[in-house]
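Dear colleague,

I am passing on the structure below, and after it you will find notes on what turned up when I went through it. Please read them alongside the coordinates.

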Amino acid sequence: MLLGYATNAQQSRKSFEAVRTEEKITIDGVIDEDIWCQAPVQTDFVQNSPNPGAPASRKTEVRFLYDDNAIYISAQLFDQKEEVFNLLTNRDNIGNSDYFGVSFDPYNAGLNGVGLFVTVAGVQYDTRYSNGGNSSIWRNDEAWNAVWLSSTKVYDDYWVVEMKIPYAVLRFNSKDVQNWGINFVRQNSSLNEASFWNPIDPQIDGYLNQAGVVTNIKNVKAPTRLFFYPYVSTVFNRSTATGFTQPQLNGGMDIKYGINDAFTLDMTLIPDFSGVRSDNQVLNLSPFEVRFDENRQFFTEGVELFNKAGLFYSRRIGGTFGNITEQLADNEEVTFSPQAAQLINSSKITGRTNSGLGIGFFNAITDRTFLTVENTETGTTREVEGDPMTNFNVLVLDQNLKNNSSVTLTNTSVLRAKNGDDANVTGFNFSLNDKNLNWRTSGFVGYSRVVSFDDNGDNKNVATGVKYNLGIRKSRGKYQYGISRNVESDTYDINDLGFLRRPNQIEHRADFSMNQFNPVGIFNNYRIRLQGQYNRLFNPNTFTNMDLGLNLNFNFKNFWGANIDFGLNPGNSFDYFEARQDGYVLERPSRHDVRFNINTDSRKAIRVSARYSIASRPDWGQTDNSLNFSTRVRIGERAEISHNIDQSLRSQERGYATKLYDENDNLQSVIIGQRDVNTLTNTVDARYIFTNRMGVTFRVRHYWSTVEYQQFYDLSEADELTSSDYTGIDPDTLEKLHDRNFNTFNIDMEYNWQFAPGSEIRAIWKRSIGSDDKATDLNFFDNFNNTWTAPNVDSITIRLVYFIDYLNVRNIFSRS
């Protein structure tokens, strides 16, 4: 470790005084305005990787100006032209390019801010930070897209960046004289080196809290922030069953309005999500729900405050909950259930006061859904209201404290019309750091309340639940460790607007890690981590399982990486959920596993990553093998293609198959099956970029999973497995009832052209194919052919969004 770096980097913040300009700055990549000579030069960048604390290998010079409308930044980044990685990528995708960036923390509190980056090729990337930002400058609110200007030029021995950042991009207070947190970053891809103007110590958690300061910004006022994003789109749908349907013409608008200098209102009116990327569907054999990523931009942009307590899962909005608002007759059955509810509108207000109080308010309304019900005697059908009109609401109060600490209160509420369930969850979480950021104490307390009614809206039932967790961690230094306890009652339920796979658990965790942050021997850095977990059920309070793990992570000086994991589940574990029946517990014998991962240098045109894991339960004869192989090929400066193949084979695993009942519908037996589960996933991603504002992306994914059962067991209430007479075969057709051959195939292709700042045209083609049968004996090619010829659905979306800034419109009319 470089002498004094770990102890002094946080204490000696760099600073400079801002220079106001009256001269017009042209953003053209040429630093030729006279006023630039009056701006102090910020240089002497310091490495964050691969050698933290060492001077940057290449010189960087940055200048900063401001006027009544914007911040202006110029940077000269010295390097030989042939050494610069000048690659074209999509917006918000840096790839392996060289880049320059700036981060702002206008409240100078080390907790909230924005980052703006531009590559050599002029590709923009922007993000918002909360909670101090992650030590990786990318893993924050990447969905946020701001409107700002940049230009680059490459010369023989340096390249140049110019940036214009309107005040509308930033949130700041109304003081006459302000000091902002600020930092500059440079990525030199030929050296795989990241360097910062104000040093970023990898031993300290967080990013904004390690920024420098720009002082004496005078008399700047937040402008009227009123932006309109009207859109029009047309959607063409085709399916095997219906052929082409009548094209849909849609229109709507997103609105952003700065209520004051700190708070912003975002609204979406008549939203259209037809072009959203396809979900990665999987065959789910577990008793728990699968969590899918949120791909709708309105619900990924600017929601970091709402996600802080872990109570907000935006995929609930627009989903269906399986409700039905009236009692069906004995001779009626549901023949059609919708998969989604129409979102009518959604809005959110976010911001932070001068005292550091962050306030977030979110609200969304979805329309009713209707089910088709058929009379089994007459064949007549009718529509029945399923999910009623529903209102989703989130309120967050988040107070910044000194030492990058914070306390947060979050409330989520779901109100349904008619006799639908209502739900309310309140959570309080805190994160408290000591003065030197060596120790952190964090915790959470939550309370859930769900009110349900019968089909007539009577007989109200109220279910309440609680959760709390507490953790203490040494979060800085070569040796880091922590302990935590998490408790969730069996009635804790946040799933009306949150996501919780299962409550009813008590978890105890502990870990210890040794971290080498600076190069030594053949390593750039490495980490050795030991962890353990001891779990119990909340109700009844009984042991469930214990896990031990050892992780070895190495990054080598040739910029290859390797990772080795050892896992052990000593003794038997007790699964109270797999049987899907209260009072029945599946006891699993001990398990051990080993995982290996290696990846090559990402700077190269061809990059390879491979992972292999093997796990075993000897008492059951169960083995789990998994292999993942990924290749990325960069073709020139404009094209890239990658292929990921992932195969897993779980042999002789045991899991739930079915339940058997007698003629009086009394439970006779819970059947556990011994099975082989073989899953193969192939994913191809490709892109071709025409300019830094136009490109085509292509993604195809084929997921194939087969399940074959060999034998069945009866699970007793005494937690014992005994051989069963149940065969799992239909006596009439001789079909194996529980074997599965499950396929999903998706194509997502998009053309995107950002023809003006904030404005774009997108053309999207999506194809979805799915099959689920019993043909487990097919080879790959026969199965693929069956899948490709199965019923499929195509959609083509053409969407135009145009950005309108109220100030620009006002200025045009004022000049006329």
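Helices (H or I, at least four residues) and strands (E, at least two) are taken here as DSSP runs, numbered from the N terminus, and on that basis the chain has 4 helices and 45 strands. This is a predicted model, in which local features need pLDDT of at least 70 and side-chain atom pairs count only at pLDDT 80 or more, while totals for chains, interfaces and linings use all residues. Residues are numbered from 1 along each chain as its sequence is written, and side-chain values use heavy atoms, with hydrogens and water left out.

Buried residues (under 20% relative accessible area, 1.4 Å probe, protein chains only) make up 49% of the 816 residues in the chain. The C-alpha trace spans about 90 × 65 × 50 Å along its principal axes.

The largest nonpolar core (buried Ala, Val, Leu, Ile, Met, Phe, Trp, Tyr and Cys residues joined through side-chain atoms within 4.5 Å) holds 37 residues, of which F64, I71, I73, F100, F104, I165 and F184 touch the most other members. Among the elements that give two or more residues to this core are β4 (60-66), β5 (70-78) and β11 (177-188). Another core, of 17 residues and including V303 and L497, lies apart from it.

Elsewhere, 3 strands form an open antiparallel sheet in the order β18-β21-β22, where pairing requires that DSSP finds at least two bridges between two strands. Because β18 (332-336) and β22 (381-385) each have a single partner strand, one side of each is left without a neighbour in the sheet. Strand β21 (residues 370-375) is joined to β22 by 5 bridges, and V373 stands opposite R382 in β22.

Best regards

How values were computed: Buried means under 20% relative accessible area, exposed over 50%, partly exposed in between (1.4 Å probe, protein chains only).
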